[in-house]
Amino acid sequence: MEYSARNGVNILEVDMRSTLNHGRPTTPSFAKSRVHSAMDAAMPSATSPQTAREIWSQLYPVEFDVRSMKHLLDGDNHAMRDDLRHFMATNKLFRPQYDISIHQERELALQRLSAICNAPPHAHATARRFISVRDFETNPLRIFAAHEIAGLADGSMATKMTVQFNLFGGTVLRLGVKGVNYDDAFLSDIDSLRAIGCFGLTELGYGNNAVEMETTAKYDQESRQLVIHTPSIRAQKYWITNSAIHAQFCVVFAQLVDGAGMQQGVHAVLVRIRDHLTMHPANGVVIHDMGHKMGCNGVDNGKLSFFNVSVPAKQALLRKYSRFDEGEHKNGRFVSTVRGTRERFLKVADQLLSGRLCIASMMLGTCKLALTIAVQYAATRLCVSSGAHAGKSEMPILAYQLQRNALAPMAARVVACNVALEYCKRRWAALLVRSDEAKVWREAVVLCCAIKPLVTWTAEEVVRVGRERCGGQGYLSANRFGSMIGFCHAGLTAEGDNAVLMQKVAKELLVLRASKVNLLPLPPQSQPHSPGDKTKSIKHVDEQRRLLFARENALGALLAKETALASSSSSSGGDDVFESWMMKLSDEVQLYALAFAERLALERLVECEHAKQRASDNGKNARILGLLRELFFLDVVRRGASWFVKNGLLNGAELAVADARRGELCDILGLQLPHLVEAFGIPPELVAAPIAADWVSYNAGDNKGEHVELSWNAATAARL
């Protein structure tokens, strides 16, 4: 049997039933693009995985510019991203290891992070090669880029990175005062890991309501010391990354009590928790190792308690907004530029916003990795064929509708999350200089709190679906889905439980709505029309934008109405609003925030599509972006079909059209998935899953389920 590309046939524009007819195209219409058989994809059963991929690429050539797509999906800091990917791919330290102890796993995560932090700079370079806490001042997008690439190699390492550079280092940099709380040498020590830190916000009894934490920092006027104390078991600092083994410092959040005994709200205090030579806990500091978890066991999570630990108030209290007057004629009076304890808490915990972008970036890397593994395997795993080869294992499972219907919508959702996250990162960076202006900063709050749930929920789903579609191979640790599942579940609740963050999004959106501010305005041609107007097809991009806008607007109007009614129903309006939101309208609150997040993703896809239409690639990337945008939209509709029908935005007939079109797009895009994951730019050595490479050669010897080089070394495999 010979295999060759179908010259001149654009599979993005030709009826996919041409594949049933051995390459002879039929009607060039998307409306009829359904694959009912895949005889064209049959291969000899002994075909090697590498040959199978080559045959697939010949049968279904790439129909877009992979390099240009990679550039779009990378978004920023392109040279650094390529450099870091290459650095990890060519360094054996980053090869996965599985049958190791928790102690070894923790040390491996630290060694990997240290290798990145201390990588030799390029010639004539003065900055850190990959990541620096100073990037928050010079190039904050670089921080997020490093997180995404790190997430490809090791979730534990990436988690330690985000605590060291964002939560710990970023908080010291943003809340501290240079020359008082830190100096350049200390920042360099953070960069090199000579000073490893942790972030002591969460307490055993106070997670999402951390503003009510019990830990205290009492000012002793005579000694000018802050005395840090843990008054109860519930006040233990809990889940503190880096604290169990590696951290020497902790940014401790505590209720600040001034010399007069007045509580001044939650503030951040820099505390040494270990001796820098012996690494023994400091006097009064008790550290408990939290032990084994369901994933990310390279992260040394700990519990911290402080028993009357004294630190110099001037140097320890991160004092950008608050301080004690300690001059010769001062009496240690508390001074703050921020009014109100609630507002002070929001200021000192502000690094959680960039933390949500860091988590989303890591999870985006995981999305890309999981999809790459699942697609690469599906293009090479041969199973039951039909026709003349009936019953023979000669059909790649990616040719099956079951596989494409599962993976193609995931690909569309990952690309949607990618471009939406890129927008959120850029807006956060642009607004950072105005973070003290509450009305302006509200946009950053909404975007960060919306994108983190959208990306992490997507990551969990992509990994779960990908693992299942890989069958039993997906269950083998060496194929990486197990570690990714644990990593994703950490992301669902890290830096804020997703559902709680969505409550925050809904609340802030209602504030903006009351002020007639729309963060995602529609262009004139996409303005909503009357519900009864059925002249527009949901295949049209403007109608897609209208529908998602109408959903968000309807949910916002409902919540605004119910909130106003609850607020006016009695004198205790606050309690009634709480009762309404938490006991009666929880589903609507969650859906309102999700509607905003999904519309954000759709709008960013449209923006990228329009940008590529103006590019010099003959519109190829614009076409595939248009297909991905349409599939993402139809997937959103399918997930919320009952709501759209119940609220009169779609009817049964329109849903049937949408479902049929979704199937067509899965057929079309399914054939391009191997090329699309290539645009993720992950080197094979960094993918590091046997089923994404030569899984036959991997099993030629006794590999003990560990990473071996055979999968990536065809010459060695050929000698066996």
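A residue is taken here as buried when its relative accessible area is under 20%. By that criterion Phe481, with a relative accessibility of 0%, counts as buried in this predicted model.

Across the protein chain as a whole, buried residues account for 59% of the 720 residues. The chain contains 25 helices and 13 strands, and its accessible surface amounts to about 29,200 Å², of which 52% is contributed by carbon and sulfur atoms. Among the contacts in the protein chain with a separation of 6 or more, 73% are between residues 24 or more positions apart.

Phe481 lies in helix 14, which covers residues 481-493. When its neighbours within four places in sequence are left aside, Phe481 is in contact with Ala370, Ile373, Ala374, Val463, Gly466, Arg467, Cys470, Gly474 and Ile691. One of these partners, Cys470, is 11 residues from Phe481 along the chain, and the C-alpha atoms of the two residues are separated by 9.7 Å.

The packing of helix 6 (residues 140-153) against helix 12 (residues 401-431) was examined next; the axes of the two helices come within 9 Å and cross at roughly 150 degrees. Because angles over 145 degrees count as roughly antiparallel, helix 6 and helix 12 are assigned to that class. The crossing of helix 6 past helix 12 is right-handed. On the side of helix 6 the contact is made by Pro140, Leu141 and Phe144, and on the side of helix 12 by Lys425, Arg426, Trp428 and Ala429. Sorted by class, the residues in this contact comprise five nonpolar, no polar and two charged ones.

Lys425, which takes part in the contact between helix 6 and helix 12, is also touched by Arg81. Arg81 is located in helix 3, residues 78-89, and counts as buried because its relative accessibility is 0%. Apart from residues up to four places away in sequence, Arg81 touches Asp74, Asp76, Ala145, Glu148 and Ile149 in addition to Lys425.

A further buried side chain with a polar character by class is that of Gln264, a residue placed in strand 6, which spans residues 263-272. The relative accessible area of Gln264 is 13%, so the residue falls under the 20% limit for burial. With residues up to four places away in sequence excluded, the residues touched by Gln264 are Leu256, Asp258, Phe334, Thr341 and Arg344.

Backbone geometry drew attention to two loop positions. Leu193 has a positive phi of about 75 degrees although it is not a glycine, and its place is in the loop between helix 8 (184-192) and strand 1 (197-200). With a relative accessibility of 11%, Leu193 counts as buried. Ala688, likewise a residue other than glycine, has a positive phi near 55 degrees and is found in the loop that runs between helix 23 (684-687) and helix 24 (695-698). The relative accessible area of Ala688 is 3%, and this residue is therefore buried.

Note on methods:
Residues are numbered from 1 along each chain as its sequence is written. This is a predicted model: local features need pLDDT of at least 70, side-chain atom pairs count only at pLDDT 80 or more; totals for chains, interfaces and linings use all residues. Side-chain values use heavy atoms; hydrogens and water are left out. Helices (H or I, at least four residues) and strands (E, at least two) are DSSP runs, numbered from the N terminus. Buried means under 20% relative accessible area, exposed over 50%, partly exposed in between (1.4 Å probe, protein chains only). Contact means heavy atoms within 4.5 Å. Accessible areas come from the Shrake-Rupley method with a 1.4 Å probe; for residues, only the protein chains shown count as cover. Axes are lines fitted to C-alpha atoms, for helices over the stretch in contact, and angles run from 0 to 180 degrees between N-to-C directions. Angles under 35 degrees count as roughly parallel, over 145 as roughly antiparallel, 65 to 115 as roughly perpendicular and the rest as oblique. A crossing is left-handed if the near helix is turned anticlockwise from the far one by less than a right angle, and right-handed if clockwise.
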